[in-house]
Amino acid sequence: MKQLLLTAHAIHAGPLILVNRQYPYRESGETALVPVGETPERMERRAAALLSMLMEEIGGWRQITAVSGWRSRKEQQAIWDQSVHDNGLAFTRTYVAVPGHSEHQTGLAVDLGMKGEDLDFIRPDFPYDGMAGAFRRRAAAYGFVERYPAGKETVTGIGHEPWHFRYVGVPHAAVMAENGLTLEEYLPFLQQYIHGERACVYRGGGREIALSYIPAREDGTTRIEVDSEKPYALSGDNVGGFILTEWRG
């Protein structure tokens, strides 16, 4: 067994951090950003790699483009201000995240659109059929979810955005998709499974993966034990704890 020390700082890092109106993005260090496809847009390194693998599988880059990836807070503020000027405050609150509370600042989110001359930067066209549909059918297998689905506006605080995808990792994207959960709903779901007591076990593709939640200690010295002979991953939730993912087989 291997003992790990999880710091308070680590709560705000990882693919499962919740960033919304209630929980701002807290920079926890320099994010490694790489280009997305052949566009100038950038994403966090692993998210970009898996997006590229997905696009390669379906031949997606022929028809799909990355409209917006990582944004600095300064850029998010400029987008907010311009949208308020052009579209009004009500529209902006529905489709543009408040600066400091945008998933785009994490490098884990991407807006996708169908290539064409009339590409809308704020609301790009990304339908549920054709090549966009092919992308959606394979998204969870590569760790991506549609972040702001229809019918969940009161949960996410953002209007339906069929173009906005978020990397949360495998198998979390599949669990979210199969249960119809947004990230706001998924994290409380995982809190039922306290590490060391019981786990949420996902089975798929010949694998068994255990998911569990670790509440953070107030003094910032959370310690856990993991099996050092088996792969595992840890992510903060940006709320008050950590999610442990353990590959058992």
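This passage describes an open sheet and two features of the backbone in a predicted model.

The sheet comprises 4 strands in the order 4-5-7-6, and their pairing is antiparallel. Its edges are formed by strand 4 (64–68) and strand 6 (144–148); each has a single partner strand, so one side of each is left without a neighbour in the sheet. From one strand to the next, the twist averages 45 degrees.

Within this arrangement, strand 5, which covers residues 109–114, pairs with strand 7 in the antiparallel sense, and 3 bridges join the two. Ala109 has Arg166 of strand 7 as its bridge partner.

Strand 7 (161–167) is also one boundary of a loop that leads to helix 6 (172–179), and Pro171 lies in this loop. The peptide bond between Val170 and Pro171 is cis, with an omega of about 5 degrees. Most peptide bonds are trans.

A further backbone feature occurs at Asn238, in the loop between strand 11 (232–236) and strand 12 (241–247). Although Asn238 is not a glycine, its phi is positive, at about 65 degrees. Most residues other than glycine have a negative phi. The relative accessibility of Asn238 is 4%; because buried means under 20% relative accessible area, Asn238 counts as buried.

Conventions: Residues numbered from 1 in each chain as written. Predicted model: local features only at pLDDT ≥ 70, side-chain atom pairs only at ≥ 80, totals over all residues. Heavy atoms only, no water. Buried < 20%, exposed > 50% of the residue type's maximum accessible area, 1.4 Å probe, protein only. Pairing = 2+ DSSP bridges. Axes fitted to C-alpha atoms, helices over the stretch in contact; angles between N-to-C directions.
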